[in-house]
Amino acid sequence: MSSTTRITVTLPSDHVAELRKLTDNVSGYVAEAVARQIRHQLLGDDLHRHEEEHGSFSDEEVAEARAMIFGEAGYPKGANDA
């Protein structure tokens, strides 16, 4: 089990109300959201660093990555719905 630190976070009241509708473990929910955001930021930093060293990704490379992540269609279900 990883160690934890208790902190105080201020959120809009309507967000807290919605969180409580979604889960009875607000701390766990927020911790997972923060972890997901950290992973997203680190991945973005890595991709940016790669492009600085090797140039921009080609359309083919982007399409291949999307296919590997989301399947052959290249986009998550509902991503093009607007």
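**Salt bridges and surface patches in a three-helix model**

Arg36 and Glu32 sit 4 residues apart in helix H2, which puts about one helical turn between them. In this predicted model, the side chains of Arg36 and Glu32 meet in a salt bridge, at 3.7 Å from N to O. The cut-off for such a contact is a side-chain nitrogen of Lys or Arg within 4 Å of a carboxyl oxygen of Asp or Glu, so the 3.7 Å between Arg36 and Glu32 qualifies. Neither partner is buried: Arg36 is partly exposed at 45% relative accessibility, and Glu32 is partly exposed too, at 37%.

Glu32 has a further partner in Arg39, and here the salt bridge comes out at 3.3 Å from N to O. Arg39 again counts as partly exposed, this time with 47% relative accessibility.

Moving along helix H2, Asp46 pairs with Arg49 in another salt bridge, with the closest N and O atoms 2.5 Å apart. The spacing fits the helix here as well, because Asp46 and Arg49 are 3 residues apart in H2, or about one helical turn. Both Asp46 and Arg49 are partly exposed, each with a relative accessibility of 42%. Back at the other pairs, shared partners tie Glu32, Arg36 and Arg39 into one salt-bridge network. The count of salt bridges by this rule is 4. As a general point, side chains of opposite charge can pair when their charged atoms come close.

Now for the overall layout. The protein is built from 3 helices and 0 strands, and its elements run α-α-α from the N terminus on. How much of the chain is buried? Of the 82 residues, 5% count as buried, the cut-off being a relative accessible area under 20%. The accessible surface adds up to about 7700 Å², and carbon and sulfur atoms account for 54% of that area.

Part of this surface is a nonpolar patch made of Leu22, Tyr29, Val30, Val34, Ile38 and Leu42, which together expose about 540 Å² of accessible area. Which element gives the most to the nonpolar patch? That is helix H2, residues 26-54, with 5 residues. Leu42 is one of the patch members and lies in H2. Helix H2 thus carries the Arg36–Glu32 pair and the Asp46–Arg49 pair, along with its share of the nonpolar patch.

Charge of one sign also gathers on the surface. Asp59, Glu60, Glu61 and Glu64 form a patch of negative charge there. Is Asp59 buried or exposed? With a relative accessible area of 66%, Asp59 is exposed, since the line for that label is drawn at over 50%. Asp59 belongs to helix H3, which covers residues 59-70.

Helix H3 itself has 12 residues and spans 16 Å from its first C-alpha to its last. That is close to the 16 Å expected at 1.5 Å a residue. Just after H3 comes Gly71, and this glycine takes a positive phi of about 100°.

Terms used: Residues numbered from 1 in each chain as written. Predicted model: local features only at pLDDT ≥ 70, side-chain atom pairs only at ≥ 80, totals over all residues. Heavy atoms only, no water. Patch = residues over 30% accessible without salt bridge, like charges linked within 9 Å, V, L, I, M, F, W, Y side chains within 5 Å. Areas by Shrake-Rupley, 256 points an atom, 1.4 Å probe, with all protein chains shown as cover. Helix = DSSP H or I, 4+ residues; strand = E, 2+ residues; numbered from the N terminus. Buried < 20%, exposed > 50% of the residue type's maximum accessible area, 1.4 Å probe, protein only. Lys, Arg positive; Asp, Glu negative; His and termini not counted. Charge placed at Lys NZ, Arg CZ, Asp CG, Glu CD. Expected span 1.5 Å × (residues − 1).
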